[in-house]
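I am opening a notebook page on this structure and will write down what I look up, one entry at a time.

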Amino acid sequence: MKLKNILLSFGLCIVSLSTIQAQKTQVIAHRGFWKTKGAAQNSIASLVKADSIHCYGSEFDVWLTADDHLVVNHDGTFKGVKMETSTEKECTAIILKNGENLPSFKEYAKKAKRLKTHLILELKAHSTPEKETKAVGKILKKVKDAGLAARTEYISFSLHAVKEFIRLAPKGTPVYYLEGDLSPQELKKMGCAGPDYHINIYKKHPEWISECHMLGMRVNVWTVDSPSDMKWLISQKVDFITTNEPTLLQSILKGDSN
Ligand code: MG
C-alpha cells in the first residue's frame, strides 16, 4: 500500500512538472488592447477589448492623486494636468482619444469585476516613497474590496513600490520588478514573482530566463511588438509577453503567421 502511494505521488509529480513545462507563453495587452476601434490607451474600453480577445492579462498604469485617489493613466502629466498634484476630479475630467473620460481606478475595478482577464497593475514611480506606500495600501484595499485579489498582479519600476507590494499584499501575490537592474537571485531573495524586463535585458542575459525558472520564478517581457522578437521569446519559453499587438502574438502562438 505504501509503495502504491509513493508511486502515485511520484506519478503526480511527473504530471505536474510536465504541465508546468508545457505551459504556453501568455499574452498581456500593454495598456489594454487599444489598437482597435473605439479604444484608447489605458481606457476602460481597452480593458474590455483585451478581455474580449481572451488575453491572459491587461496591463495599465496607476497614479495617486493630490487628494489621495487612484487614477489610471500612463504619463505623469497628461494634457497639462499633473496626476500627483491634481485632484481626482481634475484628472478624470480629461477626455481620452476614444471619447472616454480618464478612468478612476474605482471605475476601472468595477468594470474588471465582470471580466475574466488578469489585471496587471503598474504603480508609476511617484515623487516620494511615502506616496508610493500610501498608493500601495489604497490599491490593495480597493482590489480586495472589489474581489479582484486572485487575478491582480503588480509591477513597478520603483524598487520601493515593489518591496511594499511584497510586504503588504497577501502572501503569494505576484509582484514583478520592471527596471532590469537586478539578477534572478536578487529578485528571488526579495520575494519577487520574477522579472518583467525590457526585451534588451534578456538579449543581454538570455541565461536569466532559465535561471528564473530554476528558481521557481516566472518571466515577463515588455514591450514586444515585432514578430521576430515574439518568436525568439516563445522559443526561450518566457511565461508572459507584454505587447501592443496582442492579436499578432496570439496568431504567432497558434502558428498561423509563420
Ligand atoms: Mg505600464
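Into which domains is the protein divided? I am working from a predicted model, and I find the protein divided into domain 1, covering 30–179, and domain 2, covering 199–258.

**Entry 1, the two domains together.** I looked up how the domains sit relative to one another, and their C-alpha centres lie 23 Å apart. I then listed the contacts and found 11 residues of domain 1 touching 11 residues of domain 2. The size of an interface is often given as the accessible area lost when the parts come together, and for domain 1 and domain 2 I note about 1100 Å² buried between them, with 60% of it on carbon and sulfur atoms. On the domain 1 side, I record that H30, K35 and Y176 lose the most area to domain 2, and that together they make up 44% of what that side buries.

**Entry 2, polar and charged links across the interface.** How many salt bridges are there between domain 1 and domain 2? I count 1 salt bridge between them. I also looked up the pair K35 and E245, which form a salt bridge whose closest N and O atoms are 2.8 Å apart. For polar contacts across the interface of domain 1 and domain 2, I find 5 residue pairs, with both residues at pLDDT 80 or more. By class, I see 8 nonpolar, 2 polar and 1 charged residues on the side of domain 1 that touches domain 2.

**Entry 3, aromatic pairs.** I searched the whole structure and obtained 9 aromatic pairs. Among them I noted Y56 and F240, a tilted pair at 5.0 Å centre to centre with 40° between the planes. This pair links distant parts of the chain, since Y56 lies in the loop between α2 (44–52) and β2 (57–64) while F240 lies in strand β11 (residues 240–243), 184 residues apart.

**Entry 4, salt bridges overall.** My search of the whole structure for salt bridges returns 8. One that I looked at joins the side chains of D61 and K124, at 3.6 Å from N to O. This pair, too, links distant parts of the chain, with D61 in strand β2 and K124 in the loop between β6 (118–123) and α5 (129–145), 63 residues apart.

Definitions and conventions: Residues are numbered from 1 along each chain as its sequence is written. This is a predicted model: local features need pLDDT of at least 70, side-chain atom pairs count only at pLDDT 80 or more; totals for chains, interfaces and linings use all residues. Side-chain values use heavy atoms; hydrogens and water are left out. Domain bounds come from an automatic or database domain assignment. Contact means heavy atoms within 4.5 Å. Buried area is the accessible area (1.4 Å probe) that two parts lose on being put together, summed over both. A polar contact is a pair of N or O atoms within 3.5 Å; within protein, one must be able to donate a hydrogen and the other to accept it, and residues adjacent in sequence count only if both atoms are side-chain atoms. Ala, Val, Leu, Ile, Met, Phe, Trp, Tyr, Cys and Pro count as nonpolar, Asp, Glu, Lys and Arg as charged, and the others, Gly among them, as polar. Rings of Phe, Tyr and Trp (its six-membered ring) pair if their centres lie within 6.5 Å; planes under 30 degrees apart count as stacked, over 60 as edge-to-face and the rest as tilted. Helices (H or I, at least four residues) and strands (E, at least two) are DSSP runs, numbered from the N terminus.
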